[in-house]
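Biologist: I should like to learn how to read the features of a protein model. May we work through one together?

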Amino acid sequence: MRFMMLMIPLGYESAPAELDLDPERVAAMMRYNQALKDAGVLITLEGLHPPATGARVSFASGQPVVTDGPFTEAKEVIGGFWMIDVASRAEAIEWARKCPASTSEIIEIRQVQEMADFPEEVREAAATFEHPQGGWGNALR
């Protein structure tokens with residue numbers, strides 16, 4: 001089962017475009033990432049720049065409207081993510097518990113949708129798309 005672990009650093013919604021990272025915290029996070037890799041559960045991971053450098057495209061009016069960051073209405077934003085492949089939700093939670101996160105960080109765990117999760121008519125509708133990694137629902141390896 002694939003799960004995405006989303007890092008939500010509280011206060012990141014108002015972080016400046018240029019981050020001042022603590023080398024000790026980065027080293028601790030790299031040791032955690034290495035443990036995920038060594039266990040054979042890590043598919044991919046990435047960190048994201050703060051919302052100050054981003055943009056949102058909304059469609060509320062029926063037409064795309066672009067809003068540059070930072071986003072004043074944001075309460076929580078994603079700072080990065082891990083995609084892992086584990087046997088269960090409980091195992092994903094256990095990996096999240098091992099993360100050297102600070103007191104101002106939250107990890108949200110979400111299972112990735114697989115085609116087998118959907119009824120046949122939905123699978124048939126999606127079958128027209130050829131996923132670049134070999135099929136929707138396949139791990140990105």
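Modeller: Let us begin with a term. A salt bridge is a side-chain nitrogen of Lys or Arg within 4 Å of a carboxyl oxygen of Asp or Glu. In this model, which is predicted, the side chains of E120 and R123 meet in a salt bridge, with 3.8 Å from N to O.

Biologist: Where do E120 and R123 lie, and how many residues apart are they?

Modeller: Both belong to helix α3, 3 residues apart, which is about one turn of the helix.

Biologist: How should I read the accessibility of E120 and of R123?

Modeller: Between 20% and 50% relative accessible area, a residue is called partly exposed. E120 counts as partly exposed because its relative accessibility is 41%. R123, at 32%, likewise counts as partly exposed.

Biologist: How many salt bridges does this rule give?

Modeller: The count comes to 4 salt bridges. One of them joins R2 to E114, with the closest N and O atoms 3.1 Å apart. This pair links distant parts of the chain: R2 is in strand β1 (residues 2-9), whereas E114 is in the loop between β6 (105-111) and α3 (120-126), 112 residues apart.

Biologist: Is R2 buried or exposed?

Modeller: Buried means under 20% relative accessible area. R2 has 7%, so R2 is buried.

Biologist: Which residue does E108 pair with?

Modeller: E108 forms a salt bridge with R110, and their closest N and O atoms are 3.1 Å apart. E108 is partly exposed, at 31% relative accessibility, and R110 is partly exposed as well, at 49%.

Biologist: I now turn to nonpolar side chains. Which residues form a nonpolar patch on the surface?

Modeller: The patch consists of L19, L21, V26 and M30, with about 360 Å² of accessible area together. M30 is found in helix α1 (residues 23-38). At 46% relative accessibility, M30 counts as partly exposed.

Biologist: How is the chain as a whole to be described?

Modeller: One may start with its elements: the protein chain has 3 helices and 6 strands. Along the sequence they follow the pattern β-α-β-β-β-β-α-β-α. The C-alpha trace spans about 50 × 45 × 25 Å along its principal axes.

Biologist: What percentage of the residues is buried, and what percentage of the exposed area comes from carbon and sulfur atoms?

Modeller: Of the 141 residues in the protein chain, 30% are buried. The chain exposes about 9500 Å², and carbon and sulfur atoms supply 54% of that area.

How values were computed:
Residues are numbered from 1 along each chain as its sequence is written. This is a predicted model: local features need pLDDT of at least 70, side-chain atom pairs count only at pLDDT 80 or more; totals for chains, interfaces and linings use all residues. Side-chain values use heavy atoms; hydrogens and water are left out. Patches are made of residues with over 30% relative accessible area and no salt bridge: like charges are joined within 9 Å, nonpolar side chains (Val, Leu, Ile, Met, Phe, Trp, Tyr) within 5 Å. Accessible areas come from the Shrake-Rupley method with a 1.4 Å probe; for residues, only the protein chains shown count as cover. Helices (H or I, at least four residues) and strands (E, at least two) are DSSP runs, numbered from the N terminus. Buried means under 20% relative accessible area, exposed over 50%, partly exposed in between (1.4 Å probe, protein chains only).
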